[in-house]
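Reader: I'd like to learn how to read side-chain features off a model like this one. Can we go through it together?

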Amino acid sequence: MCYEFRMTTELSERAARHLWMHFSRLAGFREHEVPVIVRGEGCSVWDQHGTRYLDGLSGLFTVQVGHGRPELGTAAHEQSDRLAYFPTWNFAHEPAIELAARLADAAPGDLNRVFFTPSGGDAVETAWKLARQYWKLRGQPSRTKVISRFLAYHGTSMGALSITGVPAIKTPFEPLVPGAIKVQTPYRYRCHDCGHLDACTLRCADDLELRIQMEGPETVAAVFMEPLQNTGGAFAPPEGYWQRVREICDRYDVLLVSDEVICAFGRLGYVFGSQRYGYQPDMITFAKGVTSGYAPLGGVMISDRIAEPFLADTSMFLQGQTFGAHPVSCAVANANLDLMERDDLYGHVRRHEGTFRSMLETLRDIPLVGDVRGEGYFYAIELVTDQATKGAFDDDQAEWLLRGYLSPRLSEAGLICRADDRGEPVITLSPPLIAGPDEFEFIVSTLRRVLGDASVAFAARR
Ligand SMILES: Cc1ncc(COP(=O)(O)O)c(C=O)c1O
């Protein structure tokens with residue numbers, strides 16, 4: 001056995017023995033080797049055997065500028081030489097100040113203050129706590145509840161998980177934090193209200209008003225929604241959706257939190273996803289793409305109006321984390337945003353998204369493909385048993401299709417993407433923002449081959 005082979009086999013074996021992979025069925029690694037990713041460059045990553053994959057998911061909706069950018073490593077190195085760590089508890093440091101100021105400049109309206117966190121889930125948790133304390137300071141202590149959308153993912157800590165709308169990942173941890181209410185998702189493909197009409201009637205947005213009235217407006221603190229919802233499959237807002245949501249929030253004095261952990265930093269062609277749809281949030285939560293994943297960082301952007309009561313007298317937001325605003329992460333974020341501006345990745349996404357979308361649309365002739373949706377560099381393909389009836393898979397069929405067939409074959413074909421059924425089965429794509437027609441071609445031709453074969457195999461299995 002050659003040394004290199006032993007090393008790679010050993011790595012997988014040690015991973016299977018000691019490393020607890022997230023959201024992973026560990027028993028599966030008794031039969032299958034743990035894939036170990038050892039290197040990345042541009043839109044590609046390589047595993048321990050030297051096999052190359054196109055990273056069609058940017059790691060986890062994160063690696064905006066692509067893999068292997070030395071500028072970001074240099075920024076981390078230089079910052080750790082200068083000041084590796086210091087907290088922002090009553091102190092400030094240069095990279096955090098610079099980053100907060102540039103994010104405030106880039107954000108819509110008066111979102112002028114940033115509270116940094118170590119991750120996206122922490123940002124969501126922090127925004128809910130901020131909303132609760134804000135209302136207590138404003139003399140409305142009963143405003144504690146939050147409203148979010150069915151199927152939406154907002155994180156896994158107990159507060160963020162309560163806001164999350166995916167039943168399957170919540171039930172094992174119940175009881176969760178009370179007062180987290182769910183409303184409809186704009187799901188035009190399967191909408192019973194207006195899916196058969198030419199245009200959306202915005203009943204999905206009006207569901208928010210109904211819930212606020214049912215709960216009692218004086219009990220609702222905030223609404224959390226993504227600009228374009230990931231889980232369930234890239235649900236883009238229908239025309240006028242966000243304007244209606246903003247109006248409803250204003251009518252009942254409920255804070256609007258735009259969870260842009262995925263949708264910020266170019267994923268939709270703008271610095272912030274809310275800018276694409278032209279609405280003004282009271283807070284924005286962000287993470288992932290702010291550093292392109294070269295270091296962990298998240299945060300909450302807060303409007304002057306929400307910050308105001310925290311600036312008076314002895315008032316203080318009672319929240320803090322050792323690794324919020326980590327200097328190395330902030331320095332990496334600054335270097336990452338420099339790169340994105342220098343290479344105009346925002347413009348690049350806007351210029352190329354139409355090509356990506358129309359290439360994906362060509363897959364609609366494959367029997368398993370029900371819908372293709374999304375915007376920017378963020379798409380989902382919903383799979384159906386039958387195109388005419390939009391037939392849904394039962395649990396056994398979905399298990400066979402997603403985990404038994406598609407995931408291994410897409411991986412064998414060298415494409416990393418997500419084949420998942422937190423709602424109906426969908427394949428999600430969000431490549432690095434440097435991707436262009438060559439990468440789209442690889443993605444679409446691979447999907448055509450694998451989904452085409454899967455359609456035949458599914459028909460034979462029935
Ligand atoms: C919209 C949204 N919010 C929050 C989170 C949680 O972020 P993290 O995994 O950094 O805790 C995610 C993670 O994917 C997300 O997509």
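**Rings, sulfurs and a surface patch**

Author: Sure, and keep in mind that this is a predicted model. Let's start with a charge over a ring: Arg-350 sits over the face of Tyr-270, at 5.0 Å from the ring centre.

Reader: Which residue lies over the face of Trp-135?

Author: That's Arg-143, and its distance from the ring centre is 4.7 Å.

Reader: OK, on to ring against ring. What describes a pair of aromatic rings?

Author: Two things: how far apart the centres are, and the angle between the planes.

Reader: And how many aromatic pairs does the count come to here?

Author: The count is 19 aromatic pairs. Take Phe-116 and Phe-286: their centres are 6.3 Å apart and their planes are at 85°. An angle over 60 degrees counts as edge-to-face, so that's the label for Phe-116 and Phe-286.

Reader: Where in the chain do Phe-116 and Phe-286 lie?

Author: Phe-116 is in strand β4 (residues 111-117) and Phe-286 is in strand β9 (residues 283-286). They are 170 residues apart, so the pair links distant parts of the chain.

Reader: Are those two rings' residues, Phe-116 and Phe-286, buried or exposed?

Author: Buried means under 20% relative accessible area. Phe-116 comes out at 9% and Phe-286 at 0%, so both residues count as buried.

Reader: Which residues do ring pairs link into a cluster with Phe-116 and Phe-286?

Author: Phe-265 and Phe-272; ring pairs link them with Phe-116 and Phe-286 into a cluster.

Reader: Now cysteines. What is a disulfide, in general?

Author: It's a covalent bond between the sulfur atoms of two cysteines. A search of the whole structure turns up zero of them.

Reader: Why is there no bond for the sulfur of Cys-204?

Author: Because its closest cysteine sulfur, in Cys-200, is 4.1 Å away, which is too far; the cut-off is 2.5 Å. Cys-204 itself is buried, with a relative accessible area of 8%.

Reader: And how far is the sulfur of Cys-417 from the closest cysteine sulfur?

Author: It's 14 Å, to Cys-43, so again too far for a bond. Cys-417 counts as buried too, at 16% relative accessibility.

Reader: Last one: which residues form a nonpolar patch on the surface?

Author: Leu-83, Phe-86 and Phe-91 do, and together they have about 270 Å² of accessible area. Leu-83 belongs to helix α4 (residues 70-83). Its relative accessible area is 31%, so Leu-83 is partly exposed.

Note on methods: Residues are numbered from 1 along each chain as its sequence is written. This is a predicted model: local features need pLDDT of at least 70, side-chain atom pairs count only at pLDDT 80 or more; totals for chains, interfaces and linings use all residues. Side-chain values use heavy atoms; hydrogens and water are left out. Patches are made of residues with over 30% relative accessible area and no salt bridge: like charges are joined within 9 Å, nonpolar side chains (Val, Leu, Ile, Met, Phe, Trp, Tyr) within 5 Å. Accessible areas come from the Shrake-Rupley method with a 1.4 Å probe; for residues, only the protein chains shown count as cover. A salt bridge is a side-chain nitrogen of Lys or Arg within 4 Å of a carboxyl oxygen of Asp or Glu. Helices (H or I, at least four residues) and strands (E, at least two) are DSSP runs, numbered from the N terminus. Buried means under 20% relative accessible area, exposed over 50%, partly exposed in between (1.4 Å probe, protein chains only). Rings of Phe, Tyr and Trp (its six-membered ring) pair if their centres lie within 6.5 Å; planes under 30 degrees apart count as stacked, over 60 as edge-to-face and the rest as tilted. A charge sits over a ring if NZ of Lys or CZ of Arg is within 6 Å of the ring centre and within 35 degrees of the ring normal.
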